[in-house]
Amino acid sequence: MKTSTDRMLTRIKSIYLYIKQRGTVTTNELVEEFGITQRTIQRDLNVLEYNNLVESTTRGKWSATKKKTQVS
């Protein structure tokens, strides 16, 4: 059984890859796609933004930054 931290990291990685693949997505689109609350999505986006992986140029719209990443 995965710990809650493992589940969170897996979810954040999935969100990042989804945003990277789609280009620009809305917070509501992420809520619908991942089936989690808006508050949880916002916390996950805050982690990604803090690590300079995503940015929001318009309120509620997110896109991946140009930061080089290696996903394992």
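Helices here are DSSP runs of H or I with at least four residues, numbered from the N terminus. With that in hand, L45 sits in helix 3. All the views below come from a predicted model.

**View 1. The whole protein, with three helices and three strands.**
Walk along the sequence and you meet the elements in the pattern α-β-α-α-β-β. The radius of gyration is 12 Å, close to the 11 Å that the globule rule gives for 72 residues, so the protein is as compact as a globular protein of that length. Along the principal axes, the C-alpha atoms fill a box of roughly 35 × 25 × 20 Å. Buried residues make up 26% of the 72 residues. Take the contacts with a separation of 6 or more: 47% of them come from residues 24 or more positions apart.

**View 2. The surface and its charges.**
About 5300 Å² of the protein is exposed, and carbon and sulfur atoms supply 48% of that area. On the charge side, there are 13 positive and 7 negative side chains. The centres of these two sets lie 4 Å apart.

**View 3. L45 in helix 3, a buried residue.**
The relative accessible area of L45 is 0%, and the cut-off for buried is under 20%, so L45 counts as buried. What does L45 touch, once its neighbours within four places in sequence are left aside? The list is I15, I19, T27, L30, V54 and W62. I12 is worth finding in this view too: its C-alpha atom is 7.8 Å from that of L45, although the two residues are 33 residues apart along the chain.

**View 4. Y18 and F34, an aromatic pair.**
A search of the whole structure turns up one aromatic pair. Y18 and F34 form it edge-to-face, with 5.6 Å centre to centre and 80° between the planes. The pair links distant parts of the chain, since Y18 belongs to helix 1 (residues 4-22) and F34 to helix 2 (residues 27-34), 16 residues apart. Are the two partners buried or partly exposed? Y18 is buried, at 9% relative accessible area, while F34 counts as partly exposed at 25%.

**View 5. A64 in strand 3 (residues 61-64).**
A64 has a relative accessible area of 24%, which makes it partly exposed. Setting aside neighbours within four places in sequence, A64 is in contact with Y16, I19, K20, G23, L53 and V54. I19 and V54 are also among the contacts of L45, so keep View 3 handy.

**View 6. N52, in the loop between helix 3 (38-50) and strand 2 (54-58).**
Check the backbone here: phi of N52 is near 60°, a positive value in a residue other than glycine. N52 counts as partly exposed, at 46% relative accessibility. Which distance ties this loop residue to View 5? From C-alpha to C-alpha, N52 and A64 are 8.6 Å apart in space, and they are 12 residues apart in sequence.

**View 7. R7 in helix 1.**
R7 is partly exposed, with a relative accessible area of 44%. For a sense of scale, pick N51 as the other end of a distance: the C-alpha atoms of R7 and N51 are separated by 18 Å. Along the chain, these two residues are 44 residues apart.

Technical notes: Residues are numbered from 1 along each chain as its sequence is written. This is a predicted model: local features need pLDDT of at least 70, side-chain atom pairs count only at pLDDT 80 or more; totals for chains, interfaces and linings use all residues. Side-chain values use heavy atoms; hydrogens and water are left out. Helices (H or I, at least four residues) and strands (E, at least two) are DSSP runs, numbered from the N terminus. The radius of gyration is taken over C-alpha atoms; the globule rule is 2.2 Å times the number of residues to the power 0.38. Buried means under 20% relative accessible area, exposed over 50%, partly exposed in between (1.4 Å probe, protein chains only). Contact means heavy atoms within 4.5 Å. Accessible areas come from the Shrake-Rupley method with a 1.4 Å probe; for residues, only the protein chains shown count as cover. Lys and Arg count as positive and Asp and Glu as negative; His and the chain ends are not counted. The place of a charge is taken as NZ of Lys, CZ of Arg, CG of Asp or CD of Glu. Rings of Phe, Tyr and Trp (its six-membered ring) pair if their centres lie within 6.5 Å; planes under 30 degrees apart count as stacked, over 60 as edge-to-face and the rest as tilted.
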